[in-house]
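Trainee: I'd like a close look at a single part of this model, taken slowly. Could you walk me through it?

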Number of protein chains: 2
Amino acid sequence: MTPRFEFDIAASDGAARTGTIRMQRGDIRTPAFMPVGTAATVKAMKPETVRAIGADIILGNTYHLMLRPGDERIARLGGLHAFSRWTRPILTDSGGFQVMSLGDLTEQSEEGVAFKSHLDGSRHMLSPERSMEIQRNLGSDIVMAFDECTAYPVERDVAAASMRRSMRWARRSREGFDSGADHAGRAALFGIQQGSMHEDLRRESSEALMEIGFDGYAVGGLAVGEGQAQMLEVLDFAPGMLPADRPRYLMGVGKPDDIVHAVMRGIDMFDCVLPTRSGRTGQAFTHDGPLNIRNARFKEDVEPLDADCRCSVCGEFSRAYLHHLIRAGEILGAMLMTEHNLAFYQQVMAGLRGAIAGGRAEAHARAFLSRYSGAN
Amino acid sequence: MTPRFEFDIAASDGAARTGTIRMQRGDIRTPAFMPVGTAATVKAMKPETVRAIGADIILGNTYHLMLRPGDERIARLGGLHAFSRWTRPILTDSGGFQVMSLGDLTEQSEEGVAFKSHLDGSRHMLSPERSMEIQRNLGSDIVMAFDECTAYPVERDVAAASMRRSMRWARRSREGFDSGADHAGRAALFGIQQGSMHEDLRRESSEALMEIGFDGYAVGGLAVGEGQAQMLEVLDFAPGMLPADRPRYLMGVGKPDDIVHAVMRGIDMFDCVLPTRSGRTGQAFTHDGPLNIRNARFKEDVEPLDADCRCSVCGEFSRAYLHHLIRAGEILGAMLMTEHNLAFYQQVMAGLRGAIAGGRAEAHARAFLSRYSGAN
């Protein structure tokens, strides 16, 4: 019988690890990149294409889905998998981050947050209990604890108070999740480490989370404007504070080079809107770094986006054609750029997995980063 | 060896015919519907999907392509097929219709038309010779003669003068096309019958075209606001004036019921932006008539768009999901609605072909139209 949630680490190389998370809806090869499917769709991608480019799991946004089409409607329609026809695992965030960045916050207390929808001004609330209920209605496979997103930069005592509230909410999330026995028997719950840039707060947060106990642990509160150097400083100590035998998920990260650096520091899972969002506006990620296909120098360039990319977009279409499509605002441009970017990210992950398994992670990372940061 | 252009009529049933146009880039089963690929893309569709839903040929717009990315650039990039990766036949219009409807006309004379681009105000001209040159640069398989699009409604003498100018332009188009011997050895040229709603003008036009001689003949100047009843009145006599052994193409038509009526009157080829354009805004075509997926009654409807449609969208996705996607402005909504609509149109054509071949065209058309016009 397929386990509810199992993490097998096949190989380690320094702090980096590669393995497989086994869940009822399918295996997740780690290190894993999760395409973001905000509103029950990875934008501009059919679910079959998301799978074809190699994604094992996608992310859904609780905040967006609770507002439109509504979590209860999705439950009546059989859950997010049946609704969107993505049959493999889905991780849902808790809604906490997006309610802060998108919603119109009307009240914030120990209980939770009240806010108005950015879509129609309607009033809603989110709390650990409500977030667990929504993620259950969606039929999420990996549920994220509801936490408070600490602003950046922030005073140390504010960061400490915010982290401690998040830890109280982590316990309420655990209880709320467990109260839905049927869903809890199939799904996993991840806790989220906070503490801003402070090592002692990150340690306190980790200990609080381990005391509660989760299936996996996220490093939260990074990629919030601190820059890569400071993020990597935190990643030098934060992942090692979390249980070695559980998956570690760096939320909202990032650029391909961020991901390589983070994997080398022991991170197993990632999500980011960058490949999808910036693809739609013309930014392509390649082994030689990002390029903007709108640039006039591509107008008669018959080469593919990335000669070393194995995706079907690079197998078929020229930079000149993609330049034309994006310049003309054609939907196919958004489709092809998104597909390439997501396929490129999956190839980056596959390359890391192979290098870790082969005991050559350090050399692989160095070569990747050197080429990636070169002029393009 | 594959012929340059051959039309085999396999069966006739009343005025309706079914057969195959054979060209070097592939066969075209008739009656045929050609998806419109305005700007070197059938909007929101990969070329592989356009083929998968059954299209044998697509249409490209000379006006759009000459302005962006430019026909000379496309020629340098190997032609429209290499550029867009659609390997089968492409029919290009002459640019005449769209320069009137989209361009800012600055001069109109016996020589041709001068206009400013709707994109950037740059100055251009179109004439029979220039239109042939552009379509040659694009590498078109079926080239349309350059004609003047007669307004509707219009005085009889204006319609007559316009038609006669179009016939002089048809001869110049023939000469311009033939002057490019290499391209003319691979491609076909169609003439366009004009004459507004007047039977005698349509006859005069047909005779002028046949005197010049073309590979196929289009019925032009319809679907310009006259309504279905008046269009069908013209189609009661116009197709029969054209050579029976050549394909007849009704330009810019139409709704599924228009197409069924026109096939019964001897039309072999169609193009229309309706399935693509209206798909993107939420209109789906079904055997039970059109439906607008934005309608609130679909918000929890788990049925497919059309239970009798064999397309992969209807095989996978619910009305509720498509309702959500279109309401949320998601690109995937435009992709799936477009795919369904184009697949539905191809199924309508396949149904007509089978019914004509089986000698039951009349009963088939009657049953289709009865169900299509029913309440949905």
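Which residue follows H14(A), and is its phi positive or negative?

Mentor: That residue is Gly329(A), and its phi is positive, near 70 degrees. Before we go further, keep in mind that this is a predicted model. The confidence figures are as follows: chain A has a mean pLDDT of 97, with 99% of its residues at 70 or more, and the predictor gives the complex an ipTM of 0.98 and a pTM of 0.98.

Now back up from Gly329(A) into the helix itself. H14 of chain A covers residues 319-327, and 8 of those 9 are buried, so the helix is largely enclosed by the rest of the structure. Buried here stands for under 20% relative accessible area. Going along the helix, the buried ones are Arg319(A), Ala320(A), Tyr321(A), Leu322(A), His323(A), His324(A), Leu325(A) and Ile326(A). Notice that the list runs without a gap from Arg319(A) to Ile326(A). An α-helix has 3.6 residues a turn, so residues three or four places apart point the same way.

What does the enclosing? Within chain A, the buried residues of H14(A) pack against helix H12 (274-280), strand S16 (291-292), helix H13 (312-316) and helix H15 (331-357). Chain B joins in too, through its helix H4 (80-84). In other words, the surroundings of H14(A) are built from both chains.

That brings in the symmetry. Chain A goes onto chain B by a rotation of 180 degrees with 0.0 Å of shift along the axis, at an RMSD of 0.0 Å. The two copies are thus related as by a two-fold rotation axis. In chain A, the C-alpha nearest that axis belongs to Ile331(A), 3.6 Å away from it; residue 331 is also where H15 of chain A begins, the helix we just met as a packing partner of H14(A). As for how the copies meet, 100% of the interface residues of chain A are interface residues in chain B as well, so they come together through the same surface.

For a wider view, there's the largest nonpolar core, which has 200 residues. Phe270(A) and Phe270(B) touch the most other members of it. Take the chain B copy: leaving aside neighbours within four places in sequence, Phe270(B) is in contact with ten residues' worth of company, including Phe33(B), Met34(B), Tyr249(B), Leu250(B), Ile259(B) and Met349(B).

Terms used:
Residues numbered from 1 in each chain as written. Chains lettered and ligands numbered in written order. Predicted model: local features only at pLDDT ≥ 70, side-chain atom pairs only at ≥ 80, totals over all residues. Heavy atoms only, no water. Core = buried A, V, L, I, M, F, W, Y, C linked by side-chain atoms within 4.5 Å. Buried < 20%, exposed > 50% of the residue type's maximum accessible area, 1.4 Å probe, protein only. Contact = heavy atoms within 4.5 Å. Least-squares fit on C-alpha atoms with pLDDT ≥ 70 in both. pLDDT = per-residue confidence, 0-100. Helix = DSSP H or I, 4+ residues; strand = E, 2+ residues; numbered from the N terminus.
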